[in-house]
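The following note sets out several points on the structure for your consideration. Please read each point with the sequence and the coordinates to hand.

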Amino acid sequence: MWGGRAMSGSAHPTDEDVFLVASESGGLFRTDNGGQVWLQVSGDITYLFEQVLFLPSDGNIALAVAKRDTRTMSGGGIYRSTDAGQTWEKAIMTFFGSNLCQADLGGYSLTYSASTGRIYAGTTCGIFFSDTQGETWFRLANQPTGRFGSLTIFAIKVDPEDQDRMVILTTNRVYRTTDGGANWEDDQGNLPDARWWSRYNRHNQIAISPLNQDHLFLSGYYADTLIEDSVTSYSALWFSADFGGTWRLLDSIRPNREPIIQLTRGETTAGSPTTTVYFADGGCGYKRQTLTVNELPDSTQWERVEVDHCDGADFCFASDGFTPQFLLSDGGIHATTDGGSSWTSISGASTGYTALQITEVVTQMTYDDEIPNLIFGTQDNNIWASTDYGESWPNPYGPEGFHLTLPLADVDGGNIHTGTACGPCENYVTDNFLENESVWTDPPRHDFSSPTLVRPGTYLQTQVTPDSTQWELLRTTNQGAEWTITTLLDEWPDPWGVTGYFEDGLPLTYIVTSTDSATLPSRRYYEAQRFLHTPSGVVVPTSLPGLGNLGTTPTMFTRLRFPGVNPNNPHHIIAADMEAEQVKVTNNGGITWRVDSALTRLVTDNGNLRFSWNSHRGIRNSKQMTTVAWNPYCEDHILVGTMQSGIIESTDGGDTWQRVEGSEQVPYITSFAFPYLRSVVFSSYGRGLWRYAFECGSPGLVLPEEINDRVWPDEIPPIPSFLCYAFFSNLEDVKAYQQSEWGALITQGGNIVDVQFDEATGVIRSVQIDGGSVAAYDALGVEITPPFTISTATGSEGNIDKYEYVGELKKRNRQVKGLCFQGNKYSGLIMWDQDLNPELLPKEDTTTRPSLRAWPMSPFGYTAEELTKVKLQGRGFTPSTKLALYVDDEVVREGITVEDNGAFWIPVPVQAFGEFSSYVEVRQLDDEKGKRAGTLLSITVSDHD
């Protein structure tokens, strides 16, 4: 089931077991045993690779090209390896004069001239060449240019016997040269004068026959109109017998992407040189035909090739150049055992090729076996569900899916799963095992919107009004059998931009709406509105001033939901403002906003990464911050996902932020799901599923490092070794749990074999052990008398094995060494392979964290005329210590004394702060680098309207 979109492959020229594959957003992969095991070899140097190529003349040299990434100075371009693809470095590219495209440099294609050893690369800055085996590159002096300078070269091929003859494919033209680029011809001949020749930017849309260099093949995805919103697109294959002077159509369909064409190196068959033409038509059609010298292709002579996945990207041959070895597609890597007549996937966790593009993952706590359910959707690789935390994934549904919903806990009457599956796209409903699926009952005039889960059994969706002048927000409590209109919308609601909550029993809804951009006609501008339902039934719509374009983060289909809303307090929101290029925060439902400069700096890696950039639709709609999630079991724990800056984490409700160490290795984080109190599963668009084990801040419980190490496995691990958590039906239960008496019982020299408790109330009646002794401890680690009876029965098996996960863990040498309880109620089991020291038990975090607040506060700032001083209040500091106040790393005041209660009050002149936002921190005088507490203030000292 594991795979992910693969773009290009290349065989080692002399070692048939070594092969390289470029995935779209998962990096480069290498095998040294013929595809049995693959390793990701490019790390986090960049992503969005387009092509990889072993040099035929030297198997130690491999090259790869990648599109622009999200760095301020693009990480796209040309990469080089000198150890057969095991390690990679960016190649040296020389630009002459000022070239504005360098900041957005991207690479798309590579080709090799066998006659001279010269290598050519197609980039966003035009054609580059290397005569040093790819170590240094220079821009070709003469080449086609467009209105704004350099053309993007999507595909490039050079005559293997004459490097002066070259054919290139740009955005909407085919160019050829016969004199090394001194002159270029762009006569389209009888090709259609169309646009979007390379919608998905594939490198292998041009092929030159190895038997006759005048024979060219061109595969294209094109549109017959220049109007984007009413385009008719086609996929086609053309052939030219005169090096592009004239063309003949061989194949034409209407697929979902451009086709690809590959030819084998010439081989001798029955005494005659031949080449085999492999063609993927951009949909599910794969075919081939074999040609001899001077034989022309015949559109009626194709042989069908069977492949278990559509959307082919590359045909790859062995080191001999003609033996079929691998086929690449959106499904990953496919192998053949019959000479290329049929292909089956070999991608998967077992082989190591894990480049799965996951749109999102959701989770649900369960009461039957106490093991969480997981569901995730992918790009073109199905929707998957697991009821055993990743041990098995039955019943795939799809072929691709997004906007998944699942109640936080399994509850009667609302335990269903909904989402959108494409191929074609439609909303569906199933149980939470992806069984018994059926089509979701949409509102009669729904506009491609998906159902949004508000609480178990209650869903929101939008539709247009009968006169198509407005939109309606509707609610259903019976899976679409009946719909109730809650409010009208004047602007187009994004199909996946509805987020609903309940506050004091009344609905509170945020909706992302889309309008035409004021600066870019026919482009979209995304903003949000809040809809508050009053007790009288009136819906109060409110715009959110101070927050600019929200943009989108496209993952093939799903684009956005309303950015991070705190489920415990839906008036607390974190959002990326793409106009201001800042992360903003509100605590009053969007009425006012303040800039979170610390989070902005971490998201952009102190300016090394772009906050936002232009998407393929021409507006600044793509952004670095991809997702925000509040931990439902740990109120102050917030995670922010990014494209290339990893995971940004706060354990104090957003007062302070830090990057999770090592998380930068996972690009394009798309969602977070919390199956355990101290574990999160998160998804990426290109590197599959990951798990992060964290420590919950006060007032939660902290697990010791010896048991709960931070881990970064390549796939979801098996059931955890340490199970000690409670199950909650709602957030109020979480709060009650954190404030209740918590304790743990552990054994010494024995195991727990039986627990008797009332399953309706959770009250523990008795615990049975098979020997040794037991001791109970409270949340602070103090020994207490257990609130239940304990008995010993040597050799007793008891009933502990009735829990499914216990048997599984026992197979891994884990035994039941203790249990957790709150008050007198059962909370979970502690399973380990040896006796636990009481010091290793999780203890309540009673430390007071230093905090800094300003008074008065204003999200819009102050001027010197409005306010001369700001009063700072510090709490939780060590009494009687001497502190210094820093503003933007400059000392403003020294010798501040902390009172006996750990607090201090100091006035600070407004002039001490910089214009707009300043970073304020307090440090001990004997520790210049020791940051104790910080806050962000929006204080403006210049005049404003």
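**Salt bridges and one sheet**

1. The side chains of R288 and E303 form a salt bridge, with an N to O distance of 3.1 Å. R288 is in strand β26 (residues 286-292) and E303 is in strand β27 (residues 303-304), so this contact ties together parts that are 15 residues apart in sequence. Please bear in mind throughout that the model is predicted.

2. The two partners of this pair should be described separately as regards accessibility. R288 counts as buried because its relative accessibility is 10%, below the cut-off of 20%. E303, with a relative accessible area of 36%, is partly exposed.

3. A salt bridge also joins the side chains of K67 and E50, at 3.8 Å from N to O. K67 belongs to the loop between β6 (58-66) and β7 (77-81), whereas E50 belongs to strand β5 (residues 49-55); the pair therefore ties together parts that are 17 residues apart in sequence.

4. Are K67 and E50 buried or exposed? K67 has a relative accessibility of 15% and so counts as buried. E50 is buried as well, its relative accessible area being 0%.

5. The pair R5 and D330 merits separate mention: their side chains meet in a salt bridge of 2.9 Å, N to O. This pair links distant parts of the chain, 325 residues apart, with R5 in the segment before β1 (6-11) and D330 in the loop between β30 (324-329) and β31. Both residues, R5 and D330, are buried.

6. The contact between R5 and D330 should not be discussed in isolation. R5, E24 and D330 are linked in a network of salt bridges. For the structure, the count of salt bridges comes to 18.

7. The description of the sheet should state both its order and its pairing. An open sheet is formed by 5 strands in the order β28-β32-β31-β30-β29, and the pairing is mixed. Its edge strands, β28 (306-307) and β29 (312-317), each pair on one side only. As general background, strands of a sheet pair through backbone hydrogen bonds, in either a parallel or an antiparallel sense.

8. Within this sheet, one pairing can be specified at the level of residues. Strand β31 (residues 332-335) pairs with strand β32 (residues 342-345) in the antiparallel sense, over 2 bridges. Which residue in β32 is the bridge partner of H334? The partner of H334 is S345.

Key. Residues are numbered from 1 along each chain as its sequence is written. This is a predicted model: local features need pLDDT of at least 70, side-chain atom pairs count only at pLDDT 80 or more; totals for chains, interfaces and linings use all residues. Side-chain values use heavy atoms; hydrogens and water are left out. Two strands pair if DSSP finds at least two bridges between them. Helices (H or I, at least four residues) and strands (E, at least two) are DSSP runs, numbered from the N terminus. A salt bridge is a side-chain nitrogen of Lys or Arg within 4 Å of a carboxyl oxygen of Asp or Glu. Buried means under 20% relative accessible area, exposed over 50%, partly exposed in between (1.4 Å probe, protein chains only).
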